[in-house]
Amino acid sequence: MGIPKKVVDKRTATRIPYSGHIFFTTKSGLCEGELKNYSKHGLFIKTQEDLTLGDFITVALPYVENKQIKFQAQILWRNAEGYGVELVRKRNDNSLQLKKIEAKL
């Protein structure tokens, strides 16, 4: 047995705690879960759904003003409590909605 490896958190954006419902779609259909925290780059979602790492989902973020705007996200990791997803941005995505979200963070 060796010395346990130190886990390093590579996130650069602050995580903001949040407790509320979130709706998202997968290739199987509409799903729901609980948003536990978010940052300008990603989300942590607790859900009963069995999601596949690497898959893309479409989410309606509950903390944005315009609830009609949807965002693409990729499932990066999971643990016993839920899934870590990264918001997918297009190279030149300078949308006003994203700028407003980032300004709140």
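Two strands count as paired if DSSP finds at least two bridges between them. In this predicted model, the chain holds 1 helix and 6 strands, and these elements follow one another from the N terminus in the order β-β-β-β-β-β-α. The 6 strands form a closed barrel with antiparallel pairing, and the points below follow that barrel through some of its strand pairs before turning to the chain in general.

**The barrel**
- Around the closed barrel, the strands are arranged in the order β1-β2-β3-β6-β5-β4, and the twist from one strand to the next averages 45°.
- Strands of a sheet pair through backbone hydrogen bonds, in either a parallel or an antiparallel manner.

**Strand pairs**
- Strand β4, residues 56-60, and strand β5, residues 71-78, are paired in the antiparallel sense over 4 bridges, and within this part of the structure Phe56 has Gln74 in β5 as its bridge partner.
- Strand β1, residues 16-26, also runs antiparallel to β4, to which 3 bridges join it, and here Thr25 has Thr58 of β4 as its bridge partner.
- With strand β2, residues 29-38, β1 forms an antiparallel pair over 9 bridges, where Ile22 stands opposite Gly33 of β2.

**The chain in general**
- Of the 105 residues in the chain, 32% are buried.
- Among the contacts in the chain with a separation of 6 or more, 46% are accounted for by residues that lie 24 or more positions apart.
- The accessible surface of the chain amounts to about 7,600 Å², and carbon and sulfur atoms contribute 52% of that surface.

How values were computed:
Residues numbered from 1 in each chain as written. Predicted model: local features only at pLDDT ≥ 70, side-chain atom pairs only at ≥ 80, totals over all residues. Heavy atoms only, no water. Helix = DSSP H or I, 4+ residues; strand = E, 2+ residues; numbered from the N terminus. Axes fitted to C-alpha atoms, helices over the stretch in contact; angles between N-to-C directions. Buried < 20%, exposed > 50% of the residue type's maximum accessible area, 1.4 Å probe, protein only. Contact = heavy atoms within 4.5 Å. Areas by Shrake-Rupley, 256 points an atom, 1.4 Å probe, with all protein chains shown as cover.
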